[in-house]
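The following exercises concern a predicted model. Each task is followed by a solution worked in steps.

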Amino acid sequence: PHTGRLALYLLGLQATCPPLSPHRSLVTWLKYYLEEEWTGSQQRGHPVSSYYQYGLGVLALCVHRKRVRDQVVQRLLTAQQHGRLGHGGNTVDTEAVVALAFTCLEQRRLVGTELAAKLRLAAHEASRNMAKAQGPDGVIGNIYSTPWALQVFLATGECQTEPAFDQAMAALLENLEAFSTAATMAQVLPVLHGHSYLDIASRHCGEEPDTLTPLDMEPLPEVPGNKTVQLVVECPLPWCYDLQLYDRLVPVPASASLLDVLQAAAELDPREFRFHTQDTPQGPFLTQVLGLEARQEKRNYWQILSAPSTPLQMGIADYRPPDGATVILRLSEW
């Protein structure tokens, strides 16, 4: 598994109060992956995966009370100080994960005094950046980044004094239906109970009941009838010769998600429209449209907008555009 996926697995495993050390080899593997990320950042100027996964790896090892070499942590600190954190057009979730990792290392005293002081300052700087990134609707970054930001406010103790905390929490409560996958639920549930991922390390497992039982998820109800969605693909100059590369009405069932709309467009004419996605813990992520691939090293991504200019707040498998909606896929820079 990638660094981030293994880190999330180890965080989840620790949260379930497992028997003593059933996953020691996995922690060792995560330390190995982090070393690979550090080497990659030296050679390429960025980690092998992303700073988001790099930060998750450091956080997971800290929660497991494992030391990380100062050089590995320093590389992450340098990236934060020079504004090089970037993830899919939105830096809030990446900066929040990194701030949680810094706070954990400082609070658990897993680094020296001098480095701990730098990490504390960096975490508070990240917290201020998140407050600045809050929109008028209370959302910080986007709805999925908001729980990460709230975890930072909780972990650093700024939830009592930062006005952005209450506003973001209110926005979160108004948009809980957006958190429909296991990965997104795992981000929002600790916040709703006033906790962050850092609290996993200090849980008292002796009285924890066995609650790990399968949950049968009821499928979403089918909506009768059909709808039509206007699908538009845009690519700005100088990347492309024409700003608008595709514009077509796509008929789909009334309950279709945006992913269903994309698949229907591809079936209508595979030569005219094609796309690729990448599986992530949050669901499928759009990576390529009409042969144009979004790449981290090019600092671009496929932004999804509800016309004329409202960024999509849900994943393509979760968002169900209404009848007559216009959805824009736009190759954008972050």
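**Exercise 1. The end of a helix**

Which residue just after α7 takes a positive phi?

Solution. The residue is Gly 157, whose phi is about 80 degrees.

**Exercise 2. The surroundings of α7**

Determine how many residues of α7 are buried, and name the helices that pack against them.

Solution.
- Step 1. Of the 11 residues of α7, 11 are buried, and the helix is mostly covered.
- Step 2. Among these buried residues are Trp 148, Leu 150, Phe 153 and Leu 154. Polar residues such as Thr 146, Gln 151 and Thr 156 are also buried in α7.
- Step 3. The buried residues of α7 pack against α3 (51-63), α5, α6, α8 (163-174) and α9 (182-192).

**Exercise 3. The two faces of α6**

Establish how the buried residues of α6 are arranged around its axis, and what covers them.

Solution.
- Step 1. Check the length of the helix. At 1.5 Å a residue, the 20 residues of α6 should span 28 Å, and the end C-alpha atoms are 29 Å apart, which agrees.
- Step 2. List the buried residues of α6: Leu 115, Ala 116, Leu 119, Ala 122, Ala 123, Ala 126, Ser 127 and Met 130.
- Step 3. Viewed down the axis of α6, these buried residues fall within an arc of 145 degrees, so they line one face of the helix.
- Step 4. Relate this to helix geometry. An α-helix has 3.6 residues a turn, so residues three or four places apart point the same way.
- Step 5. Turn to the face away from the buried side of α6: it carries the exposed residues Thr 113, Glu 114, Leu 121 and Lys 132.
- Step 6. Identify the cover. The elements over the buried residues of α6 include α4 (70-81), α5 and α7 (146-156).

**Exercise 4. A salt bridge between helices**

With which residue does Arg 120 meet in a salt bridge, and which helices hold the pair?

Solution.
- Step 1. The side chain of Arg 120 meets that of Glu 106, at 3.0 Å from N to O.
- Step 2. Arg 120 lies in helix α6 (residues 113-132) and Glu 106 in helix α5 (residues 92-107), so the salt bridge ties together parts that are 14 residues apart in sequence.
- Step 3. Arg 120 has a relative accessibility of 38% and counts as partly exposed.
- Step 4. Place the pair in context: the whole structure contains 7 salt bridges.

**Exercise 5. Glu 234 and the strands beside it**

Identify the salt-bridge partner of Glu 234 and the residues that stand opposite Glu 234 in the sheet.

Solution.
- Step 1. Glu 234 forms a salt bridge with Arg 330, with the closest N and O atoms 2.8 Å apart.
- Step 2. This pair links distant parts of the chain, since Glu 234 is in strand β1 (residues 226-234) and Arg 330 is in strand β8 (residues 326-333), 96 residues apart.
- Step 3. Compare the accessibilities. Glu 234 is buried at 11%, whereas Arg 330 is partly exposed at 26%.
- Step 4. Examine the pairing. β1 runs antiparallel to strand β2 (residues 244-253), joined by 9 bridges, and parallel to β8, joined by 5 bridges.
- Step 5. Locate the opposite residues. Glu 234 stands opposite Gln 244 in β2 and opposite Arg 330 in β8.
- Step 6. Consider the strand as a whole: 7 of the 9 residues of β1 are buried, so β1 is largely enclosed by the rest of the structure.

**Exercise 6. Two sheets and one helix**

Give the strand order of the sheet of 5 strands and of the sheet of 3 strands, and describe how α10 lies on them.

Solution.
- Step 1. The open sheet of 5 strands has the order β2-β1-β8-β6-β7, with mixed pairing.
- Step 2. β2 and β7 (310-311) are at its edges, each with a single partner strand, so one side of each has no neighbour in the sheet.
- Step 3. Within this sheet, strand β6 (residues 300-306) pairs with β8 in the antiparallel sense over 7 bridges; Tyr 301 has Ser 332 as its bridge partner in β8.
- Step 4. Helix α10 (residues 258-268) lies across β1, β2, β6 and β8, at about 105 degrees to β2.
- Step 5. The sheet of 3 strands is open and antiparallel, in the order β3-β4-β5.
- Step 6. β3 and strand β4 (residues 283-289) are joined by 6 bridges, and Phe 275 has Val 289 as its bridge partner in β4.
- Step 7. α10 packs on this sheet too, touching β3 and β4, and its direction makes about 150 degrees with that of β3.

Notes: Residues are numbered from 1 along each chain as its sequence is written. This is a predicted model: local features need pLDDT of at least 70, side-chain atom pairs count only at pLDDT 80 or more; totals for chains, interfaces and linings use all residues. Side-chain values use heavy atoms; hydrogens and water are left out. A salt bridge is a side-chain nitrogen of Lys or Arg within 4 Å of a carboxyl oxygen of Asp or Glu. Helices (H or I, at least four residues) and strands (E, at least two) are DSSP runs, numbered from the N terminus. Buried means under 20% relative accessible area, exposed over 50%, partly exposed in between (1.4 Å probe, protein chains only). The expected span of a helix is 1.5 Å times one less than its number of residues. The arc is that of the directions from the helix axis to the C-beta atoms. Contact means heavy atoms within 4.5 Å. Two strands pair if DSSP finds at least two bridges between them. Axes are lines fitted to C-alpha atoms, for helices over the stretch in contact, and angles run from 0 to 180 degrees between N-to-C directions.
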